[in-house]
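Trainee: I would like a close look at a single part of this protein, set against the chain around it. Could you take me through one strand and what surrounds it?

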Amino acid sequence: MDDMRNVRGPAGLTGPGDWWRALAELVLPGECAGCGAPRSTLCERCRRALARGSPRPVRPRGAPGGLPPVWAAVPYADAVRSVLLAHKERGALPLAAPLGEALAVAVRAALREGRVPPDGPDPPDGQAAGDGPVVLVPVPSARRAVRVRGHDPARRIALAAAGVLRRSGTPARTAAVLRQRRAVADQAGLDAAGRLANLDGALELRPGGEALLAAAGRLLVVDDVTTTGASVAEAARVLRSTAERKGTCVPFAAAVVAASPLFFD
């Protein structure tokens with residue numbers, strides 16, 4: 001559940017199949033995942049498109065109730081969209097590293113500019129809101145999607161982002177404490193209302209999750225992309241419920257690599 005950083009390889013590579021795929025891309029690079037340029041997994045131009053975004057708060061129209069402040073690094077369009085899809089759907093695992101760098105930019109913005117949600121409980125005596133390490137909680141993929149893809153994209157990107165944050169001096173770790181409690185439909189074919197209904201009550205805390213969250217100073221729900229905010233809101237609901245049940249105050253926000261271009265206008 002935790003990031004297990006002492007046993008994982010670079011960019012979140014976790015198994016023999018991961019390593020072989022990553023090695024093949026390094027030795028025999030194909031086309032850039034962003035623009036199709038030859039002999040490059042990710043060309044310098046597309047890498048800059050990810051790294052040089054201007055993170056900003058994003059909020060969908062008709063945002064679901066309970067959606068925390070969300071920060072996005074870049075718009076979900078053009079090369080960025082292609083890179084995210086290559087990582088998620090085609091198993092281009094080395095892309096987790098640059099995507100993690102972009103997510104870390106959004107996390108820093110959320111930490112710098114974010115505010116404690118006003119409806120949260122007061123901190124216990126002697127506990128200052130925000131004390132402790134930053135904990136990134138990835139929105140989990142459906143079990144079937146993980147089996148088909150062979151990996152959980154948001155978790156992999158979160159692991160890479162936590163590494164970037166630690167190297168820059170921000171104590172950070174990843175806690176994959178959420179899981180699906182029931183089957184959900186593919187979100188791709190649903191409108192905003194359908195996505196909300198599809199995910200309502202779909203997530204729960206894994207056994208032992210409370211212990212992993214206990215020492216958190218700031219929780220951030222993280223994901224690769226947000227469009228309607230349904231997935232982030234559902235993850236936030238579980239974390240908020242856990243905090244209220246334990247009587248603790250853990251300020252939290254959300255950070256994503258990319259959001260709909262409409263939010264950047």
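**A strand and its surroundings**

Mentor: In this predicted model, buried residues make up 49% of the 265 residues in the protein chain. The chain holds nine helices and eight strands, and the part I would choose for a close look is strand β3, which runs over residues 134-138.

Strand β3 is mostly covered, with five of its five residues buried. In a regular strand the side chains alternate between the two faces of the sheet. For β3, one side carries Val-134, Leu-136 and Pro-138 while the other carries Val-135 and Val-137, and these residues are all buried, so that both faces of the strand are covered.

The pairing of β3 can be followed towards two other strands. With strand β4 (residues 172-174), β3 pairs in the parallel sense over three bridges, and there Val-134 stands opposite Ala-172. With β7, the pairing is again in the parallel sense and extends over five bridges; in that strand, Leu-219 is the bridge partner of Val-135.

From the strand, the view can be widened to the nonpolar cores. The largest of them has 41 residues, and Leu-136 is listed with Leu-50, Leu-84 and Val-257 as having the most contacts inside it. At least two residues of this core come from each of α2 (44-51), β2 (70-75), α3, α4 (96-113), β3 (134-138), α6 (153-167), β7 and β8 (252-259), and α4 gives the most, with eight residues. Apart from this core lies another, of 29 residues, which has Val-137 among its members, along with Leu-205, Ala-233 and Ala-236. Leu-136 of β3 thus belongs to the core of 41 residues, whereas Val-137 of β3 belongs to the core of 29 residues, and these two residues are placed on opposite sides of the strand.

Helix α4 deserves a closer description, as the element that gives the most to the core of 41 residues. It has 18 residues and reaches 25 Å from its first C-alpha to its last, close to the 26 Å expected at 1.5 Å a residue. Its buried residues are Ala-96, Pro-98, Leu-99, Gly-100, Ala-102, Leu-103, Ala-104, Ala-106, Val-107, Ala-109 and Ala-110. Leu-99 is also one of the residues touched by Leu-84, whose contacts, not counting residues up to four places away in sequence, further include Tyr-76, Ile-157, Asp-224, Val-225, Val-257 and Ala-258.

Asp-224 leads back to β7, the partner of β3 over five bridges. The structure holds five salt bridges, and in one of them the side chains of Asp-224 and Lys-88 meet, at 3.1 Å from N to O. This pair links distant parts of the chain, Asp-224 lying in strand β7 (residues 218-226) and Lys-88 in helix α3 (residues 78-90), 136 residues apart. Both Asp-224 and Lys-88 are buried.

Two further salt bridges can be set beside that one. Glu-204 forms a salt bridge with Arg-179, with the closest N and O atoms 2.8 Å apart; because Glu-204 lies in strand β6 (residues 203-205) and Arg-179 in strand β5 (residues 178-180), the pair ties together parts that are 25 residues apart in sequence. Glu-204 is partly exposed, at a relative accessible area of 25%, and Arg-179 is likewise partly exposed, at 28%. Arg-237 and Glu-234 form another salt bridge, their closest N and O atoms being 2.7 Å apart, and both residues lie in helix α9 (residues 230-246), three residues apart, about one turn of the helix. Here Arg-237 is partly exposed, with a relative accessible area of 35%, whereas Glu-234 counts as buried, at 5%.

For the chain as a whole, residues 24 or more positions apart account for 75% of the contacts with a separation of 6 or more. The accessible surface comes to about 12600 Å², and 52% of it belongs to carbon and sulfur atoms.

How values were computed. Residues are numbered from 1 along each chain as its sequence is written. This is a predicted model: local features need pLDDT of at least 70, side-chain atom pairs count only at pLDDT 80 or more; totals for chains, interfaces and linings use all residues. Side-chain values use heavy atoms; hydrogens and water are left out. Helices (H or I, at least four residues) and strands (E, at least two) are DSSP runs, numbered from the N terminus. Buried means under 20% relative accessible area, exposed over 50%, partly exposed in between (1.4 Å probe, protein chains only). Contact means heavy atoms within 4.5 Å. Accessible areas come from the Shrake-Rupley method with a 1.4 Å probe; for residues, only the protein chains shown count as cover. A salt bridge is a side-chain nitrogen of Lys or Arg within 4 Å of a carboxyl oxygen of Asp or Glu. A nonpolar core is a set of buried Ala, Val, Leu, Ile, Met, Phe, Trp, Tyr and Cys residues joined through side-chain atoms within 4.5 Å. The expected span of a helix is 1.5 Å times one less than its number of residues. Two strands pair if DSSP finds at least two bridges between them.
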